[in-house]
Amino acid sequence: MSEKLTEKYLLIEGGKPLNGEVTISGAKNSALKIVAAALMLENGKSTIRNIPNLSDMRVMCEIVQVLGGEISFENGVIEMDCSDLSSNYVPLTLANKLRASIVCLGSLLARFKDVKIAMPGGCNIGARKIDLHLKGLKALGAKITEENGFIHAKAKKLVGTKIYLDIPSNGATENIMLAATMAEGETIIENAAQDPEIVDLANFLNKMGCQIEGAGTSNIRITGKTLADLHSVDHFCIPDRIEAATYLIAGAMTGGEVTAKGVIEEDLQSLLSKLEDTGVKVQIFPTGNEIDNRAVVDIKVSRESERLLATDITTVWYPGFSTDIQPMFSTMLAIAEGASVVKENIYDSRFQHADELKKMSANIDINAKLAVFKGVPCLKSASVEGKDLRSAAALILAALTAEGVSEVRGLGHLDRGYENLEEKFIKLGATIKRVSSAENLTLTEDEKATN
Ligand code: EPU
């Protein structure tokens, strides 16, 4: 059968308010790095909980296996034993399937002082440079060569130093932090990324016996340890703020009441504030639970007025408005009353959803990294394609809002970042079905009714 005939896509009947509760999964961008970090552990085992079942996670598990580690992944829990890790080589076929593979560079350099890894993959959303990763590792004493799409990093020993990052890159902060855990003396990363996923990684490393202070601020201080200082670790990953944002925006867009369960309010602050600017009521309900001494809450959104209101957003580094939320939020602005200016500062191509939205009657002017969304009262159903993870999610939100039945393609991207997406939306009352071109292409009356 040709690829076209077997291609899966989502059939979505929109125009219905979503209502109810959705439990938020563990953070992809945290869990992936934590598994990469666990490669360092020679004496002991890692138990990592709240892991989302995503294709990227499964590839990361394959990387652990190809390096000689033992890993199991069941019911959201990863158990890892890397005491007999036998390889320091991450092949192209695995590395280029996801972005987070690049973080194995730092952990394997820390463990073996010698690593060869193929360039990472990930969403095609513009230049995704790694110059700062390499600059930081060189400053720690690594000799780095790049050849035929591979990076080879080697050091007799790593020595702590002060490293200033020109921009607060997540990946660079993670790689330098990992390598520095096994460097002699102290390393200070200045202008470090402050994202919650960095804090989660640092918390994991500290539980494993590393010494990292200041994660979550722009100055991270790492005191070098030895592999012998590391020991077994049990960690629960933070909830996925981008997934939570996706469902909260879906609730606001469709005019229903959606509660994202089990999230950390502070991690979503820039989104919640902007949702309020568009006329969305945000309610916070404490759960009494904590993750690493931070309160876990449920967040409920509902619309205060018939139409959402326009607002401007500018994506910046955390704690500013997240680039990863921009595609979904700007899709909401496509139906808000008035014109909204959206400025994307992190990536060159993060308006890939906007051209597709135009097929759904959205009125959007795009000029490089600036777009003006002139809100229309409603979107129309269409056949659209997500070209990256978040643009696929954004188009699903558009389809859930649009009158009629839409087709959303690009599920390969989507499955890298959203666990049980259809089940979660169906629970909220959506009519959504994954089909392939070879199957029945309509939603039956039964499916409409039971949904
Ligand atoms: N950059 C440089 N030099 C570097 C590193 C980065 O110029 O050495 C630039 C990149 O070219 C890019 C920007 O800085 O324009 C952001 O890069 P960063 O290193 O911060 O991003 P990343 O580590 O590759 C992670 C997330 C992304 C998220 C960004 C920013 C993972 C696996 N990915 O990527 O998540 O957008 O941080 O917050 O953690 C997503 O989930 O949809 C996603 C793309």
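# Loops and ligand

Reader: Asn148 lies in the loop between which strands?
Author: This is a predicted model, where local features need pLDDT of at least 70, side-chain atom pairs count only at pLDDT 80 or more, and totals for chains, interfaces and linings use all residues. Numbering runs from 1 along each chain as its sequence is written, and side-chain values use heavy atoms, without hydrogens and water. Strands (E, at least two residues) and helices (H or I, at least four) are DSSP runs numbered from the N terminus. The loop holding Asn148 joins β8 (143-147) and β9 (150-154).

Reader: What is the phi of Asn148?
Author: Most residues other than glycine have a negative phi. Asn148 is not a glycine, yet its phi is positive, at about 50 degrees.

Reader: Is the peptide bond from Tyr318 to Pro319 cis or trans?
Author: Pro319 is found in the loop between β18 (313-314) and α11 (326-333). With omega near 15 degrees, the bond from Tyr318 to Pro319 is cis.

Reader: Which residues around the ligand are the closest?
Author: The shell has 24 residues, each with a heavy atom within 4 Å of the ligand. Helices α2 (28-38), α6 (131-139), α7 (170-180) and α13 (389-401) each supply at least two of the shell residues. The closest are Lys33, Asp131, Leu132, Ser169 and Asp324.

Reader: How much of the ligand's exposed area does the protein bury?
Author: Ligand oxygen atoms are 2.9 Å from a polar backbone atom of Ala127 and 3.0 Å from one of Lys129. A polar side-chain atom of Arg390 lies 2.8 Å from a ligand oxygen atom. Taken alone, the ligand exposes 820 Å² (Shrake-Rupley, 1.4 Å probe). Of that area, the protein buries 92%.

Note on methods
A polar contact is a pair of N or O atoms within 3.5 Å; within protein, one must be able to donate a hydrogen and the other to accept it, and residues adjacent in sequence count only if both atoms are side-chain atoms.
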